[in-house]
Amino acid sequence: EFIDVVRNQLAVSQLGARTMEGLPKGNIEIPKRDTGATAYFIAGDGDDSVTESTGSFSTLNLTPKTVGCFSKYSRLMEMQALPEVEALLRGDMVEAIAQKIDLTAINGSGSSNQPTGILQTTGIGSVALATNGAAASVDNLIDLKGEVAIDSADLATAGFLINAKVEKALSNLKDSNNNYLLDPYASYLGEASLCGRRVITSNNVPSNLSKGSASGTLSAIIYGDFSQLMIAMFSNVEVLVDPYSDFASGKVGIRALASFDIGIRQPSAFAAIVDAVA
């Protein structure tokens, strides 16, 4: 039996991120209303007029960014491998690209040909714990939810996204009567819950952040309405085999590519802690 590598849980789709497929190959501009019209009272005698207000508009721009994998395998490996080596490599590359899309949606830098992820998006809410980071409390998570609620963006389908280190730390919190603050027996459709919202755990959420004297040891916690996160797929994962990759030695090349972008419709629908000690 073939033993595969252990991979992180894919997270953003579980929380409701929208995937847009079948897009045209060029750039996309999605119109966006930034501010709405304003309603005014007027006198009822016909001598008054409504103050003009049209709101403001902008665009959300999505452009293809390409991610890929490339491998070679020998003629002997192809002959002797069980299961079939090409099928194994195809599956591995598709999974690697899916992981990269998930990682990018969470914390893509927006530079070096990467899309911009939630944590790097300007305009999301934030809750800071301490100068050098601190252990997150349930109160901190309630404050995080409140950051989204204050902007009228908190829906019943919103949720928390944390990594396993944060999950462990939060799950161990108890009150003065030694009762768990997060009920380990409660669930939301079979998942952990907090404040009536889902809690999804994935180690694609970074645990190597820095702040103050804490270098590379802090974790992120995200709360938001993930339906506001768009994954624009400009192509499906394209897997091609080149039997002449290294003709003289009999090696075969296999390559997988996908083009996508990440867009956040309303940044105020998200908030994050980026200095959690766990």
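This is a short group-meeting talk about one predicted protein model.

Okay, hi everyone. Please keep in mind that what we're looking at is a predicted model.

Let's start with helix H2, which runs over residues 85-107. How far apart should its ends be? At 1.5 Å a residue, its 23 residues should span 33 Å, and the end C-alpha atoms are 32 Å apart, so the two agree.

Now, which residues of H2 are buried? The list includes Val85, Glu86, Leu89, Met93, Ile97 and Ile101. You may spot some polar names there too, among them Gln99, Asp102 and Thr104.

Glu86 is a nice one to stop at. Its side chain meets that of Arg90 in a salt bridge, 3.0 Å from N to O. Why do those two sit well for that? Arg90 and Glu86 are four residues apart in helix H2, which means about one helical turn between them. As a general point, an α-helix has 3.6 residues a turn, so residues three or four places apart point the same way. As for exposure, Glu86 has 19% relative accessibility, and the cut-off for buried is under 20%, so Glu86 counts as buried. Arg90, at 31%, is partly exposed.

How many salt bridges are there? The count comes to five. Let me show you two others.

In one of them, Lys145 pairs with Asp154, and their closest N and O atoms are 2.7 Å apart. Both partners are buried: Lys145 has 17% relative accessibility, and Asp154 has 18%.

In the other, Lys211 pairs with Asp275, with 2.8 Å between the closest N and O atoms. This pair links distant parts of the chain, with Lys211 in strand E10 (residues 209-211) and Asp275 in strand E15 (residues 270-277), 64 residues apart. Is each partner buried or partly exposed? Lys211 is partly exposed at 27%, whereas Asp275 is buried at 1%. And going back to Lys145 and Asp154 for a second: salt bridges with shared partners join them and Arg197 into one network.

Next up, Val12. You'll find Val12 in the segment before strand E1 (18-20). Val12 is buried, with a relative accessible area of 1%. So what does Val12 touch, once we leave aside its neighbours within four places in sequence? Its contacts are Ala17, Asp102, Ala105, Ile106, Phe226, Leu229 and Ile231. Asp102, Ala105 and Ile106 should ring a bell, since they're on the list of buried H2 residues. By contrast, Ser53 is 41 residues from Val12 in sequence and 37 Å away in space, C-alpha to C-alpha.

Leu229, from that contact list, takes us to the nonpolar core. The largest one has 60 residues, and Leu229 is among those with the most contacts inside it, along with Leu161, Ile221, Ile222, Phe226 and Phe270. Leaving aside sequence neighbours within four places, Leu229 contacts Val12, Ala105, Ile118, Ile262, Ile264 and Phe270, among others. There's also a second, separate core of seven residues, including Ile28, Met230, Ala232 and Phe234.

Last stop, the surface. Which residues make up a nonpolar patch out there? They're Tyr40, Ile42 and Val50, and together they have about 270 Å² of accessible area. Ile42 lies in the loop between strand E2 (28-35) and strand E3 (56-62). With a relative accessible area of 39%, Ile42 is partly exposed.

That's my tour, thanks for listening!

Conventions:
Residues are numbered from 1 along each chain as its sequence is written. This is a predicted model: local features need pLDDT of at least 70, side-chain atom pairs count only at pLDDT 80 or more; totals for chains, interfaces and linings use all residues. Side-chain values use heavy atoms; hydrogens and water are left out. Helices (H or I, at least four residues) and strands (E, at least two) are DSSP runs, numbered from the N terminus. The expected span of a helix is 1.5 Å times one less than its number of residues. Buried means under 20% relative accessible area, exposed over 50%, partly exposed in between (1.4 Å probe, protein chains only). A salt bridge is a side-chain nitrogen of Lys or Arg within 4 Å of a carboxyl oxygen of Asp or Glu. Contact means heavy atoms within 4.5 Å. Patches are made of residues with over 30% relative accessible area and no salt bridge: like charges are joined within 9 Å, nonpolar side chains (Val, Leu, Ile, Met, Phe, Trp, Tyr) within 5 Å. Accessible areas come from the Shrake-Rupley method with a 1.4 Å probe; for residues, only the protein chains shown count as cover. A nonpolar core is a set of buried Ala, Val, Leu, Ile, Met, Phe, Trp, Tyr and Cys residues joined through side-chain atoms within 4.5 Å.
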